[in-house]
Amino acid sequence: MAMNAAKAAVPSPYTPKLERFADATRLMLAGRDPGAYHGFVNPPVYHGSTVLSPTTHDLLNRTQPYIYGRRGTPTSDALEHALCELEGGAGAVLCPSGLSACTLALLTCLSPGDHLLMTANVYGPVRHACDGVLRRMGIDTTYYDPLVGADLAPLIRPRTRAIYVESPGSYTFEVQDVATLANVAHAHGLTVIADNSWATPLFYRPHDHGVDLSIQAGTKYLVGHSDAMLGTVSANAASWPALKQLHGDLGLCVGPDDMYLALRGLRTLGVRLRQHQDNAHAVASWLRQQPQVNGVLYPAFDDCPGHALWKRDFKGASGLFSVILHAAPDTALAAMLDPLELVGLGYSWGGFESLAVPFDLAEHRIASHWPAGSIGVRLHIGLEDPADLIADLAAGLQRFSAACPAREDAATC
Ligand SMILES: *Cc1c(COP(=O)(O)O)cnc(C)c1O
């Protein structure tokens, strides 16, 4: 069988070494081998394309561990091995952005004529890829309710090949029952893909819940400092050969300095995430009490859709959540956000700094849960002192109220 041949050709590149250690310890050791680098604590950054061979025999028989820059360097190996340790997968590959990791995972298991089940709350550019390049290749997508659980089965068609989860969704924060979805999916021979950027493998390990291909937008928490673009896909043993081969065929690779920034970011991922969690909890708890706020969507809170699943499956909550504000004119939103001193206006998240992005609730399936005109603002809570962030946001909410027309109904604005 073709699949078995592929398996033999692409064995798992890595044997986990650090399983006996706790996560905090593994983060310090993963991907490091000082003995191989003259004792230097960190792996060197190899800038390179060509690798010279000592003889024609070595060149033609590829006897050396490295053949060509695109196909791997000691720097990419260090990061991939670190990811294998953290994800618990059979192998991992690096991509030039989180989005390219998402599309690589999809193309790994889909062919023309196939059908894909995609969570309706998926990161927007992935939806764009499904409706664009995948459709052009003759791949059909059905968007399913992220809370569908065991009722997934009726959506599976004879040509359904994959299900994609993003848990929680990065604007609407529904937590999915991934283990149940994976059970149903595997019973029908589907591949299960998960975008786990919100939790990182420290707060949730997708492979432990039946996921075959686990994606990280490494740009976010892995790199952690808003200074590089990177994506990763980790595969279990069943999906590794196909992932590795397509990654090679597409010629995907990452610049050495960006790989190094991810390796460096990894060492502090544990302490950063813990602080993001504490700060987000403080700010979200305060926001919830404010008269301008209809609700806060944060998986650690019991009114977030799927909170019970978060409690069952996750080890923590990161720094990203959404706040739903009362209906107000557009000028009130700008009056609130534009003068903020500490919370920047910008896409992305996962860096050390706090960020806000307003979004249109009507474009998201949760719209019906909120009074008409409610406004969504996604917040990433950074590593600033939470009391300073609360003061900044409190002044913002006051400007928001001041910009609303006076109303009898005190519950609005
Ligand atoms: C940002 C993001 C991506 C894409 O990552 P890039 O590195 O920006 O391409 C994918 N999934 C989620 C959930 C994201 O938030």
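Guide: A crossing is left-handed if the near helix is turned anticlockwise from the far one by less than a right angle; with that in mind, we can look at this predicted model.

Visitor: What is the hand of the crossing of α4 and α10, and at what angle do the two helices pack?

Guide: Helix α4 (residues 74-87) and helix α10 (residues 256-267) pack at about 35°, their axes being 9 Å apart. An angle of about 35° is less than a right angle, and the crossing is left-handed, so the near helix is turned anticlockwise from the far one.

Visitor: Which residues make that contact, and how do they divide into nonpolar, polar and charged?

Guide: From α4 come Thr75, Ser76, Ala78, Leu79, Ala82 and Leu86, and from α10 Pro256, Met259, Ala262, Leu263 and Leu266. Nine of the contact residues are nonpolar, two are polar and none is charged.

Visitor: What makes β8 and β10 edge strands?

Guide: In the open, mixed sheet ordered β8-β9-β12-β11-β10, β8 (293-297) and β10 (344-345) each pair on one side only.

Visitor: Why do β10 and β11 count as paired?

Guide: Pairing requires at least two bridges; β10 and β11 (residues 355-359) have two, in the parallel sense, and therefore they count as a pair. Within β11, Leu355 is the bridge partner of Gly344.

Visitor: Which residues touch the most other members of the largest nonpolar core?

Guide: In this core of 92 residues they are Trp198, Leu287, Tyr298, Phe321, Leu325 and Leu379, while helix α11 (residues 269-288) gives the most to the core, with seven residues. Leu379 touches, among others, Leu287, Phe321 and Leu355. A second, separate core has 29 residues, including Val93 and Ile215.

How values were computed:
Residues are numbered from 1 along each chain as its sequence is written. This is a predicted model: local features need pLDDT of at least 70, side-chain atom pairs count only at pLDDT 80 or more; totals for chains, interfaces and linings use all residues. Side-chain values use heavy atoms; hydrogens and water are left out. Axes are lines fitted to C-alpha atoms, for helices over the stretch in contact, and angles run from 0 to 180 degrees between N-to-C directions. Helices (H or I, at least four residues) and strands (E, at least two) are DSSP runs, numbered from the N terminus. Contact means heavy atoms within 4.5 Å. Ala, Val, Leu, Ile, Met, Phe, Trp, Tyr, Cys and Pro count as nonpolar, Asp, Glu, Lys and Arg as charged, and the others, Gly among them, as polar. A nonpolar core is a set of buried Ala, Val, Leu, Ile, Met, Phe, Trp, Tyr and Cys residues joined through side-chain atoms within 4.5 Å. Buried means under 20% relative accessible area, exposed over 50%, partly exposed in between (1.4 Å probe, protein chains only). Lists of a residue's contacts leave out its neighbours within four places in sequence.
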